[in-house]
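User: Please take a close look at one part of this model, the surroundings of its ligands, and set out the details in a connected account.

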Amino acid sequence: MILRHAITKHWVVTLFLVSFLVSSFFAFSDRNSKLQQPIAFSHKKHMDLGMECVSCHIGAEEGIHAGIPKTEICARCHVPGQDYPPTPKELAQYIESGKEIPWLQFQVGKRHVYFSHRRHVKIAQLDCTECHGDIRNMDQPITRAYFPSGQKGMNRCIDCHRRNQVTTDCYACHR
Ligand code: HEC
Ligand code: HEC
Ligand code: HEC
Ligand code: HEC
Ligand code: HEC
């Protein structure tokens, strides 16, 4: 009787686990299918040409936001109808219509936090990789926020500030 009870319990747990795994698998693949960038953009392809990060993210040295490049920046090189560089159909449509490409953005600041790229890139002379990781070698479009140290929340900021004897005063960032 005790044994049968144990077996039933075992099955209930297994069933529960299986259904949990199955449902989370579908939830996961569903989420991933929604997270598609509109164009298969490769950072690596462009960095291999000798481009700089700031030629597309033009606000990173002088502004608060680095910015996602506008279609007109792509159009400096990509000319629909021309053989080289190759311009996929989707990109050609945005360039011809002058519409902005609806890129998904994953690295978004909180409204109660002040963060300036200029302060970190131009004044502190930090490399983009310190905070964004190895984007230079990414062959696929970005579908999540990367932070190389793996830290979460405001520890990402505070840790580096401590190491560099920069302020950790709450009001420096929360203003
Ligand atoms: C400085 C010139 C330049 C700029 C600016 C530029 N590209 Fe490119 N792009 C190229 C070149 C050259 C290639 C081909 C690279 C290769 O074949 O390895 C390319 C390749 C591509 C490809 C792959 C095409 C294929 O079929 O293989 C895509 C997609 C693309 N670029 C999108 C973009 C987008 C989107 C932008 C704007 C955010 C952009 N490019 C800005 C020069 C540029
Ligand atoms: C040819 C233009 C171009 C160059 C050069 C370029 N980027 Fe990008 N970057 C883009 C485009 C387009 C996107 C949006 C599509 C994507 O996420 O793949 C993007 C997205 C990003 C994002 C993600 C933004 C977010 O919140 O989702 C980061 C971070 C980034 N780039 C950093 C860099 C760094 C660092 C370099 C230099 C190593 C660089 N980029 C060089 C065009 C460029
Ligand atoms: C000290 C860390 C740090 C450095 C260095 C840094 N970034 Fe960022 N970046 C961030 C944070 C944090 C965000 C989130 C947006 C915010 O808070 O405004 C961000 C957002 C972005 C975005 C998303 C669009 C935007 O403007 O918010 C892009 C693109 C980007 N960074 C590119 C770059 C490039 C290119 C460099 C190097 C020239 C760079 N970043 C250097 C921390 C950094
Ligand atoms: C990789 C190191 C690093 C990271 C990560 C970093 N910072 Fe900084 N931060 C610095 C340095 C270095 C300075 C000093 C720049 C200077 O000389 O003015 C600074 C300065 C600042 C300042 C100006 C401080 C003052 O004295 O007024 C603010 C605000 C700030 N950072 C906010 C942030 C926020 C918000 C984050 C996280 C999203 C962050 N920082 C992440 C290195 C970093
Ligand atoms: C160097 C910048 C920096 C400093 C200094 C700082 N914070 Fe933050 N704080 C942040 C960032 C960035 C976030 C948002 C983290 C995230 O993206 O989840 C945050 C989030 C928070 C949150 C959570 C709110 C939320 O979004 O969930 C609280 C509470 C908070 N900070 C309190 C403080 C207090 C209290 C101090 C002083 C002891 C302080 N912070 C100092 C950058 C900073």
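Analyst:
**Ligand shells and a helix residue**

Q93 lies in helix α5, residues 89-97; helices (H or I, at least four residues) and strands (E, at least two) are DSSP runs, numbered from the N terminus. The model is predicted, local features need pLDDT of at least 70, side-chain atom pairs count only at pLDDT 80 or more, and totals for chains, interfaces and linings use all residues. Residues are numbered from 1 along each chain as its sequence is written, while chains are lettered from A and ligands numbered from 1 in the order in which they are written.

Q93 is partly exposed because 14 other C-beta atoms lie within 10 Å; 20 or more would make a residue buried and 12 or fewer exposed, with partly exposed in between and C-beta atoms placed from the backbone. Its C-alpha atom is separated by 8.4 Å from that of P80, 13 residues apart along the chain.

Around ligand 4 there are 19 residues, the closest being F115, A124, C157, C160 and V166; a residue counts as near if its C-beta atom, placed from the backbone, lies within 6 Å. Two or more residues of this shell come from each of α6 (117-123), α7 (128-132), α8 (155-163) and α9 (170-173). The most, 4 residues, come from α8. By class, the shell holds 12 nonpolar, 4 polar and 3 charged residues; Ala, Val, Leu, Ile, Met, Phe, Trp, Tyr, Cys and Pro count as nonpolar, Asp, Glu, Lys and Arg as charged, and the others, Gly among them, as polar.

Ligand 2 has 22 residues around it, of which C53, C56, Q107, C128 and I142 come nearest. Here α2 (43-47), α3 (53-56) and α7 each supply at least two residues, and the classes are 13 nonpolar, 8 polar and 1 charged.
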